[in-house]
Amino acid sequence: MLASDVPQEGNTTLGGHRKALYARGADGKLQIVQSAGWEVEEIVTRQAVDDLNRLAEEARLRVNSGLTSALEYHMHKARMDVPLLAQTTGLWQWRIRRHFRPAVFASLSTALRRRYADAMGLTVDQLNKAE
Amino acid sequence: MAFQHSHASHCESGVMSAILRHHGLPISEPMAFGLSSAMSFAYIPIVKINGLPLVAYRMPPKAIIKGLQKPLGLKMRFETFRNPDAGTRRLDELLAAGEVVGMQTSVFWLPYMPADLRFHFNAHNVLAFGRDTSSGEYQLSDPVFETPVSCAPEALQKARFAKGVLAPKGLLYYATGKPSTPDWAAVIPKALKKTTRIMLDAPLPIIGVRGIRRLANAVEGLATKKDPAQAKMFIGQVVRMQEEIGTGGGGFRFIYASFLQEAAELLARPSLNELAETLVDIGDEWREFALSAARMIRDREALATPKLADKLRLIADREQAFFRDLRRAA
């Protein structure tokens, strides 16, 4: 890659940051060139983010129709899955899945809710609502 | 000595280059990367990231930090903590003693990261070089950022004690010995040979050139088994590992080529310059692979995984020839 070929198309997923790439300068030596972003990277990052957002959105709809608890929505919102949430909270995976049942979630103690909220960087109030 | 931040393409080699520079041994990022034989390839279907197999273009985390100790006569000290508060206290102690401290963190909890890049990836390396006394925020040098950043203590603690795959457990590392300028004629050929061994002779068919072929077969197989959305997620993941995860472009091939150019100069061996040229070409092939994969993801081009697989096989052949030449040159 030549320094003049380093993509500068912009990449919204970088949030305005530039990243360092190695490219060949006029003297043939490779050197760091700042790149404002490559569309290819934007496409694949968007793809991953969109997939995570889709999971959260689907969970939100299921919360609204009473099929799952707000916990599942927040888990996806925090880009986690059940194994990671289990490791972060120190709870068994089956216990977390059980808490996806709205009736069970409604009966959880504040201490347990706080444990979930801390693991996902939320307040207990935020955890209780799927929004 | 005041700490100097510099922009790098990869977190671990960038952190090590900055630590070494701070300790009076100016070593470029590509040199840190090449000298620790960090370039490689691995396709590990049994390790899943969000349900997709792990593809890596380099050695596992910490390989660079550990790999630089021997050639540079450097001693790195590693500390992990069971108790997060103890981890934060120790960081404060080291900073108060004027140390620059490397840390393993999860990008998800670092507030200065752009939101779209905050995935649960636990092996991001950053350097702490001070703490603002009035606000209590840490001053961090994140090599993949252009300028130093600051981070609130609570967020940093969460990032250092994230759980999951490759959990950092609060890992801190810093240099205890003073690094010395090595005997380049001894250490560089040794590092080159190690990389060729990994790429050509790994006993497992998922590492090195054979790993690229194995990945090609898996990509080809996507056409028959899975639905298109799944296939797109798979190839998207490969491209993310290759380009987005701080590789300097082309899955670390460009940064390694830069190391070869430096080596050619230090050892006065022009043959390494020619090899660097070849590797830049191979890096360009990887970029072409990424480009067509992205076009297929966006349906600008029909999804044809056999075509991508052929590209990967071509790259595997070229890398095989390249590493054989490199072995001869070393």
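Here is a quick tour of how two chains fit together and what some of their parts look like. Keep in mind that this is a predicted model. Chain B splits into two domains, with domain 1 covering 11-175 and domain 2 covering 184-329. Chain A and chain B touch each other, with 30 residues from chain A and 39 residues from chain B taking part.

**Where chain A meets chain B**

- On chain A's side of the contact, β1 (19-24), β2 (30-35), α1 (39-64) and α3 (82-89) each chip in at least two residues.
- The top contributor on that side is α1(A), which gives nine residues.
- Sort the residues of chain A's side by type and you get 15 nonpolar, eight polar and seven charged.

**A closer look at α3 of chain A**

- Besides supplying residues to the side that touches chain B, α3(A) has buried residues of its own: Leu84(A), Leu85(A), Ala86(A) and Thr88(A).
- Those buried residues are covered by, among others, α2 (70-77), α4 (93-99) and α6 (110-119) of chain A.
- Right after α3(A) comes Gly90(A), and its phi is positive, near 75°.

**The two domains of chain B**

- Measure from C-alpha centre to C-alpha centre, and domain 1 and domain 2 of chain B are 25 Å apart.
- Their contact draws 22 residues from domain 1 of chain B and 29 residues from domain 2 of chain B.
- On the domain 1 side, α2 (29-35), β1 (39-49) and β2 (52-58) of chain B each bring at least two residues to the contact.
- That domain 1 side is made up of 16 nonpolar, four polar and two charged residues.

**The sheet in chain B**

- Six strands of chain B line up as an open sheet in the order β3-β8-β4-β5-β6-β7, with antiparallel pairing.
- At the edges sit β3 (76-79) and β7 (149-151) of chain B, each pairing on one side only.
- Going from one strand to the next, the twist averages 35°.
- Zoom in on β4 (residues 101-105) and β8 (residues 172-175) of chain B, and you find an antiparallel pair with two bridges.
- Gly102(B) stands opposite Tyr173(B), which belongs to β8(B).

**Helices on that sheet**

- Helix α5 (residues 84-96) of chain B lies across β3, β4, β5 (124-131) and β8 of chain B, at about 60° to β5(B).
- Helix α6 (residues 153-160) of chain B also packs on the sheet, where it touches β4, β6 (138-141) and β7 of chain B.
- The direction of α6(B) makes about 70° with that of β4(B).

Technical notes:
Residues numbered from 1 in each chain as written. Chains lettered and ligands numbered in written order. Predicted model: local features only at pLDDT ≥ 70, side-chain atom pairs only at ≥ 80, totals over all residues. Domains from an automatic or database assignment. Contact = placed C-beta atoms within 7 Å. Helix = DSSP H or I, 4+ residues; strand = E, 2+ residues; numbered from the N terminus. Nonpolar A, V, L, I, M, F, W, Y, C, P; charged D, E, K, R; others polar. Buried ≥ 20, exposed ≤ 12 C-beta atoms within 10 Å, placed from the backbone. Pairing = 2+ DSSP bridges. Axes fitted to C-alpha atoms, helices over the stretch in contact; angles between N-to-C directions.
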